[in-house]
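Trainee: I am new to this structure and would like a close look at a single part of the surface. Please put that part in the setting of the whole protein before going into detail.

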Amino acid sequence: MLFKKSIPKLIAEANENGEHTLKRTLTSGGLIALGVGAIIGAGLFSLTGIAAAENAGPAVILSFIIAAVGCAFAGLCYAEFASMIPVAGSAYTYSYATMGEFVAWIIGWDLVLEYALAGATVAVSWSQYFNQLLMIFHIHLPDALLKGPWEGGMVNLPAIIIVCLLSLLLMRGTQESSRVNNILVILKVGVVLIFIALGWSFINPANHDPFIPVNAGEEMVKNGQQGLWTFLKSDDFGHFGISGVLRAAGVVFFAFIGFDAVSTAAQEAKNPKKGMPIGIIGSLIICTLLYVLFSYVMTGIENYTMFKGDAKPVATAFAKTGYHFLNTALIITIIAGYTSVILVMLLGQSRVFYSMSKDGLLPKIFSDLSKRQTPWKTNAIFMVFVSIFAGFVPVSDLGHMVSIGTLFAFTLVCVGILVLRKTDPNLERPFKTPLVPFVPIMGIIVCVLMMASLPIESWERLAIWLALGLLIYFVYGKKHSVIRKQHSDQQGIE
């Protein structure tokens with residue numbers, strides 16, 4: 001039997017208020033800022049250079065468009081769910097209502113991987129830019145304190161410190177965190193616009209030629225010198241050519257998880273039926289336009305080959321403009337941008353665990369609220385968990401794991417829309433996903449294609465994480481499930 005949460009029950013939860021519920025403080029503008037805060041960060045300031053140098057060349061612009069298309073399909077599905085079921089928990093809650101508890105557990109566990117590791121990934125990049133800022137003021141940290149043991153150091157200390165500081169801020173309250181986020185968003189959108197405006201006149205057309213660098217394996221397939229299956233399994237796959245554009249789309253997809261984070265804050269929105277679709281779709285549109293323009297300028301100012309192994313490609317490209325007096329301001333605003341991403345990621349994962357704990361699938365400690373109505377114990381636990389990953393694991397490994405986890409979540413949300421339209425066609429939907437079943441099916445196809453283009457190691461790590469989650473579910477979650485207990489009590493009465 002499928003143990004599903006009824007939509008009326010979820011709506012009743014959303015309408016609860018009092019000291020034991022999350023506080024509604026976020027406006028539509030605040031939700032858009034939350035989305036932009038999560039979207040514009042490591043994906044733009046670091047992963048753009050990595051994806052261009054290793055996978056797509058200047059065609060990373062196309063990779064952003066492909067990723068955005070996949071996000072648009074998934075985002076329209078998210079918007080319907082978020083307006084209809086304005087409860088914390090994002091895709092976890094939606095899956096519980098449509099596909100049952102078991103699938104909900106899988107997606108909830110996956111979302112924790114997504115948010116926690118996204119926070120850790122951005123913290124590592126934050127540390128590298130922060131160190132560059134310190135060097136401008138002639139402060140030099142030991143190299144051993146800037147890299148984890150797998151990169152030749154001891155620990156990435158600045159990454160640990162920023163995770164801890166932002167976790168403490170979240171414990172103070174969502175409204176305070178939102179105000180800080182709004183300021184940071186204004187700063188980083190400003191620097192993106194300045195970079196585009198000042199850098200445009202320094203674009204060298206030669207840097208965009210060839211737009212899609214040649215992939216030797218693809219050429220061999222075209223000429224009949226190699227079979228397609230052999231190419232798909234070879235090291236050439238994903239390194240330039242069309243396959244490289246697709247793999248880069250999977251890599252930079254990490255940059256688009258912001259609107260997913262918006263949906264985790266549904267229970268803290270003042271008017272979720274109106275605000276959630278605006279926050280999700282609005283942040284996606286704004287950031288896609290900025291991403292395409294930004295990547296076009298960056299690969300035009302500097303040749304894509306120069307970004308290989310460069311964790312701060314924006315600073316590298318900007319140096320070519322000659323505006324050296326703006327370098328310090330650029331680095332400060334990038335640091336501010338990264339800070340807001342980490343903040344939103346930490347908020348998102350704590351809200352998913354809050355929802356899972358309320359449903360009995362995790363211990364009650366994860367849904368305990370402070371006097372400020374924040375799940376402070378969850379924030380404290382993840383402060384330790386995320387800071388360990390940030391301090392010791394390489395950024396490239398973290399980024400791929402986040403991308404595959406995000407794509408998996410988006411796929412299940414698209415499936416959920418198809419299921420719910422079939423099982424509950426008459427439910428009130430303040431926002432309706434257009435062109436169903438076309439939009440959700442296309443969302444599934446695009447997301448699965450991008451998942452398939454990611455390295456096999458990403459799949460292996462996802463499998464290990466999900467296996468660990470299933471162990472916890474069968475040992476603890478299934479036995480303490482609130483909905484299962486309610487069903488057993490009803491059976492006993494009958």
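Mentor: The predicted model has 20 helices and zero strands. The protein has 494 residues, and buried ones make up 59% of them. Its accessible surface comes to about 19,200 Å², with 67% of that belonging to carbon and sulfur atoms. Of the contacts between residues at least 6 apart in sequence, 82% join residues at least 24 apart.

The part to look at is a nonpolar patch on the surface, formed by Leu62, Ile65, Val69 and Phe211. Together these four residues have about 270 Å² of accessible area. Phe211 sits in a loop, the one between helix H8 (174–199) and helix H9 (216–222). The relative accessible area of Phe211 is 31%. Phe211 therefore counts as partly exposed, because that class lies between the 20% limit for buried and the 50% limit for exposed. The value also meets the requirement for a patch member, which is over 30%.

Now compare a residue that is not listed in the patch. Phe64 is found in helix H4, which covers residues 60–84. Phe64 has 0% relative accessibility, so it counts as buried; the cut-off for that class is under 20%. Phe64 also illustrates how positions far along the chain can be set against distance in space: Phe64 and Ala248 are 184 residues apart in sequence, while their C-alpha atoms are 8.2 Å apart.

To return to the two phenylalanines, Phe211 is partly exposed, whereas Phe64 is buried.

Key:
Residues numbered from 1 in each chain as written. Predicted model: local features only at pLDDT ≥ 70, side-chain atom pairs only at ≥ 80, totals over all residues. Heavy atoms only, no water. Patch = residues over 30% accessible without salt bridge, like charges linked within 9 Å, V, L, I, M, F, W, Y side chains within 5 Å. Areas by Shrake-Rupley, 256 points an atom, 1.4 Å probe, with all protein chains shown as cover. Salt bridge = Lys/Arg side-chain N within 4 Å of Asp/Glu carboxyl O. Helix = DSSP H or I, 4+ residues; strand = E, 2+ residues; numbered from the N terminus. Buried < 20%, exposed > 50% of the residue type's maximum accessible area, 1.4 Å probe, protein only. Contact = heavy atoms within 4.5 Å.
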